[in-house]
Amino acid sequence: MIENIEVMVVLFIIVLLGYTLCKLSYMGDKFDQKLSAIVIDVTCPALILSSVMGDRMPDRTLILPLLGVGFLTYFVLLIFGFWVPRLISKNHDEQGMIGFALMFANVGFIGYPIVSSIFGPEAVFYAALLNMPNTFFIFTAGVMLVKGEYSIKQLNPKVLFSPAMIAAFLAALLVALGVRTPDVVGRPITMVGAITVPAALMVIGSSMARLSLRQIVGSPKVYVSSAVRLLVVPLSIYALFRFCGVSDIVNNINTVVIAMPVASFGTMFCMKYGREPSLMTEITFVTTVASIATIPLVTLLFR
């Protein structure tokens, strides 16, 4: 329990660094956008690949169970995304924002380092497999929720070829074939992947520095949505798959992945599609701060 709290405090200190750097004008909109693109398209895929490039190879027998659990998880999360928000807000646009917040966690920025710190570096590969459906659904169901237009036309097969998805495919292939990469290849990939954690957390901190005091304080619906996001959703998923007999290691990693704060893609989608981002930003901020306490509580179930 103490170890998990320490991990979250360390990560939050880096978030505060990003906040401070933005206030000092070292970080800002354009810089953050460029750095975010590097994290999403370069360092995060490298982090996924580095998880299968150590001395210990992940268990290849878990590949199919992880993919199966991952897709089943997001089918369940569709209920949280499209129906539960109606109990929190009567506003259609707000329902979409809340639905996105309940469905999608910040796995790439925060989830992978947390999984690595709790279960070991090789577990990042397992988390990446569990997160494959996240990448698919976030660009389909996620876009529908943010835009408030629930149509199958939003489906874009190009999401299957994003850098993170390609890295996950390659990692799965390396494990399935039992390929061990030479150190001269693995070391630079591991070093680049290590940039993901501090860079991503500083971007989050920089984004928070641009929130108004009202947004930082939030509203009742923000706190209700945050509580569902951080506690009800992961505990429901954990209980469901425990009841279904899913192996402890798969269920535990999946629970940690789902227990992360709101995905930062939500705010980016709002800006891209001309939607008011304030509610999404508020929930993202509150869940990021609150996760310092909730993630240790959730992981206490299986530690």
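**Exercise 1.** Find how many cavities of 30 Å³ or more this predicted model holds, and describe the lining of the second largest one.

*Solution.* We begin with the count, which comes to 2 cavities of 30 Å³ or more. The second largest cavity has a volume of about 40 Å³, and the residues that line it are I48, Y112, A128, N131, M132, T135, A164, M165 and A168. Next we ask which helices take part: α6 (123-138) and α8 (163-177) each supply at least two residues of this lining, and α6 gives the most, with 4 residues. Finally we sort the lining of the second largest cavity by class, which yields 7 nonpolar residues, 2 polar residues and no charged ones.

**Exercise 2.** Work out which members of the largest nonpolar core touch the most other members, and then follow the contacts of L77.

*Solution.* The largest nonpolar core has 82 residues, and those touching the most other members are L77, F100, F104, Y112, V115, F125 and I253. The largest share of this core, 11 residues, comes from α6. Turning to L77, we leave aside its neighbours within four places in sequence and find contacts with L102, M103, V233, I237 and I258. A second, separate core has 9 residues, including A200, M202, V203 and A209.

**Exercise 3.** Decide whether helix α13 (residues 248-258) is mostly covered or mostly uncovered.

*Solution.* A residue counts as buried when its relative accessible area is under 20%. By this cut-off, 9 of the 11 residues of α13 are buried, and the helix is mostly covered. The buried residues of α13 are V250, N251, N252, I253, N254, T255, V256, V257 and I258.

Conventions:
Residues are numbered from 1 along each chain as its sequence is written. This is a predicted model: local features need pLDDT of at least 70, side-chain atom pairs count only at pLDDT 80 or more; totals for chains, interfaces and linings use all residues. Side-chain values use heavy atoms; hydrogens and water are left out. On a 1 Å grid over the protein atoms alone, a cavity is a set of points where a 1.4 Å probe fits but cannot get out, and a pocket is an open set with protein on both sides within 12 Å along at least five of seven lines; lining residues have an atom within 4 Å of a point. Grid points are joined across faces, edges and corners, and a volume is the space filled by probe spheres set on the points. Ala, Val, Leu, Ile, Met, Phe, Trp, Tyr, Cys and Pro count as nonpolar, Asp, Glu, Lys and Arg as charged, and the others, Gly among them, as polar. Buried means under 20% relative accessible area, exposed over 50%, partly exposed in between (1.4 Å probe, protein chains only). A nonpolar core is a set of buried Ala, Val, Leu, Ile, Met, Phe, Trp, Tyr and Cys residues joined through side-chain atoms within 4.5 Å. Contact means heavy atoms within 4.5 Å.
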